[in-house]
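Here's a quick walk through how the parts of this protein meet, and then how its strands pair up. Have the structure open as you read.

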Amino acid sequence: MGSPFILKEKQGSTQILRLNHPEARNALVMEMRLELLQALEGAEQDDDIKCIILTGEGKGFSAGGDLSALKELKPLEGRKRLQSSHPLMLKMLEIEKPIIAAVNGAAAGAGFSMTLLCDFIVASEEAFFVQSFINVGLIPDFAAMHFLPMLVGRQRANELMFLGERVSAEDAHQIGIVNRVVPPEQLLSETIDIAEKLEKKAITAMGMTKKIMNEHLNKDLKTLLEMEAQGQDIRFQTEDFKEGVQAFFEKRAPHFTGR
């Protein structure tokens with residue numbers, strides 16, 4: 001058995017979870033998604049844990065989806081792939097304990113989208129965010145089309161999703177995506193400090209607030225997730241997607257034809 005895709009470390013009442021696939025820039029392989037769901041379920045059941053920190057091992061947070069696994073998807077396989085991740089996304093929103101993303105480097109594609117499911121985002125000055133789906137001919141997934149417009153407004157979300165350009169941690173802070181930006185060497189300590197402040201509050205009241213607010217604000221989320229899965233399944237079959245993936249691995253600009 002290889003190394004776990006999620007590293008777990010407990011500091012006091014805080015559970016630190018690290019995405020652990022640094023050789024692939026912490027790409028969200030399916031095994032990692034399952035292990036993260038299981039880790040969250042474990043933290044949910046552990047009464048000693050009051051707060052959860054999610055970060056990346058190595059230099060990056062997460063490069064997003066595993067493009068190497070998406071090349072040969074047959075019709076409906078893409079839809080099933082995204083549907084299999086819905087329990088993870090919903091658990092991040094429904095768990096009645098705060099989740100803080102400590103973004104230590106690149107948060108791209110679904111890696112960026114995953115940070116939006118967290119309750120706080122603390123970013124290293126070296127971090128950056130990019131909705132990179134458009135650059136390989138895909139649509140945003142992991143609920144980005146729901147949460148990004150909610151945070152930054154429709155026009156700014158369009159800019160981020162349609163252009164697929166990098167946004168620095170400081171710019172992400174200015175437009176309301178990130179709560180705090182800190183020097184890289186202080187990222188974990190600053191995030192733990194926030195966690196410890198949260199843990200001194202009425203954690204059950206906080207959990208109930210999170211649950212009610214998310215249920216109220218995200219009433220149509222499950223509908224969007226199904227539309228997202230269907231749309232992405234169609235995109236996986238296009239020539240543009242195949243060209244986008246090939247260009248990505250060849251480190252060149254893609255030539256899209258609209259087919």
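## Polar links between the domains

This is a predicted model, so take the atom distances in that spirit. Between domain 1 and domain 2 there are 15 residue pairs in polar contact, with both residues at pLDDT 80 or more. On the domain 1 side, the elements that put two or more residues against domain 2 are α2 (77-83), α3 (86-94), α5 (144-152) and α8 (187-199). Sort that side of domain 1 by class and you get 25 nonpolar, seven polar and twelve charged residues.

As for where the domains sit in the chain, domain 1 covers 6-199 and domain 2 covers 201-250. The contact draws 44 residues from domain 1 and 30 residues from domain 2.

## Area and distance

How far apart are the C-alpha centres of domain 1 and domain 2? They lie 11 Å from each other.

The size of an interface is often quoted as the accessible area lost when the parts come together. Here, domain 1 and domain 2 bury about 3,200 Å² between them, and carbon and sulfur atoms give 65% of that. Three residues are worth clicking on: R79, E96 and H146 supply 17% of the area that domain 1 buries against domain 2, more than any other three residues.

## Salt bridges

Side chains of opposite charge can pair when their charged atoms come close. The count for the model comes to eleven salt bridges, and between domain 1 and domain 2 the count is two.

One pair to look up is D119 with K210, whose closest N and O atoms are 2.8 Å apart. Another salt bridge joins E226 to R79, with the closest N and O atoms 2.7 Å apart. This pair ties together distant parts of the chain: E226 belongs to helix α10 (residues 221-236), R79 belongs to helix α2, and 147 residues separate them. R79 is also one of the three residues named above for buried area.

## The three-stranded sheet

Now for the strands. One open sheet has three of them, in the order β5-β7-β8, with mixed pairing. The edge strands are β5 (106-108) and β8 (167-168); each has a single partner strand, so one side of each goes without a neighbour in the sheet.

Strand β7 (residues 128-130) and β8 run antiparallel and are joined by two bridges. To find the register, look at F129, whose bridge partner in β8 is V167.

## The hairpin

Strand β1 (residues 6-11) and strand β2 (residues 14-19) also run antiparallel, joined by six bridges. Which residue of β2 stands opposite K10? That would be Q15.

β1 and β2 make a hairpin with two residues between them. In the turn, G12 has a positive phi of about 60°.

Conventions
Residues numbered from 1 in each chain as written. Predicted model: local features only at pLDDT ≥ 70, side-chain atom pairs only at ≥ 80, totals over all residues. Heavy atoms only, no water. Domains from an automatic or database assignment. Contact = heavy atoms within 4.5 Å. Buried area = accessible area lost by both parts, 1.4 Å probe. Salt bridge = Lys/Arg side-chain N within 4 Å of Asp/Glu carboxyl O. Polar contact = N/O pair within 3.5 Å; in protein donor to acceptor, adjacent residues only side chain to side chain. Helix = DSSP H or I, 4+ residues; strand = E, 2+ residues; numbered from the N terminus. Nonpolar A, V, L, I, M, F, W, Y, C, P; charged D, E, K, R; others polar. Pairing = 2+ DSSP bridges.
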